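Got your viewer open? Let's take a short walk through this structure, one selection at a time.

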Amino acid sequence: MTNILLCCNEGMSTSFLVKKMQEIADANGLKVNIWAVSEPKVDSESEKADVVLLGPQIAFLKNTIAERLGTRIPVEAIDSEDFGRINAGKVLKDALTLIREHRAE
């Protein structure tokens, strides 16, 4: 099972994107678990995650969050255009690519 954690200010703005990403993963037979949390919960919730994706509104915290989580998992900001258009397929693909690249290191 691949675990993808999305993080934003309140965990609310990413919830619709999470739903769409999960629908795409399920439709393609991917064993993926996707959920969203608010930024203060990212440290504890990331223990179960393979990647952390940040909503554009907190992209400025990428380095801070990455430092807090260490090198165990990749942390990346979601492209603001993909986020705004709820381009769930692209965000899912980007997340899986990040996980694959991180594991290859």
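A quick word before you click: helices here are DSSP runs of at least four residues and strands are runs of at least two, both numbered from the N terminus. Keep in mind that this is a predicted model.

Start with the whole protein chain. You'll find five helices and four strands, and reading along the sequence gives the pattern β-α-β-α-β-α-β-α-α. The C-alpha atoms fill a box of roughly 35 × 30 × 20 Å along the principal axes. Of the 105 residues, 43% count as buried.

Now select Leu-30. You've landed in the loop between helix H1 (15-27) and strand S2 (32-38). Is Leu-30 buried or exposed? Somewhere in the middle: Leu-30 is partly exposed, with a relative accessible area of 34%. Leaving aside residues up to four places away in sequence, Leu-30 touches Ala-25, Leu-92 and Leu-96. Add Thr-2 to your selection too: Thr-2 and Leu-30 are 28 residues apart in sequence, yet 8.6 Å apart in space, C-alpha to C-alpha.

Next, pick helix H5, residues 88-104. Its 17 residues reach 24 Å from first C-alpha to last, close to the 24 Å expected at 1.5 Å a residue. Colour Ala-88, Val-91, Leu-92, Ala-95, Leu-98 and Ile-99, which are buried. They cover an arc of only 125° around the axis, so they sit on the same side of H5. Spin to the other side of H5 and you'll meet Lys-93, Arg-100 and Ala-104, which are exposed.

Last stop: show what the buried residues of H5 pack against. Their partners include strand S1 (2-8), H1, S2 and helix H4 (80-84).

Notes
Residues are numbered from 1 along each chain as its sequence is written. This is a predicted model: local features need pLDDT of at least 70, side-chain atom pairs count only at pLDDT 80 or more; totals for chains, interfaces and linings use all residues. Side-chain values use heavy atoms; hydrogens and water are left out. Buried means under 20% relative accessible area, exposed over 50%, partly exposed in between (1.4 Å probe, protein chains only). Contact means heavy atoms within 4.5 Å. The expected span of a helix is 1.5 Å times one less than its number of residues. The arc is that of the directions from the helix axis to the C-beta atoms.
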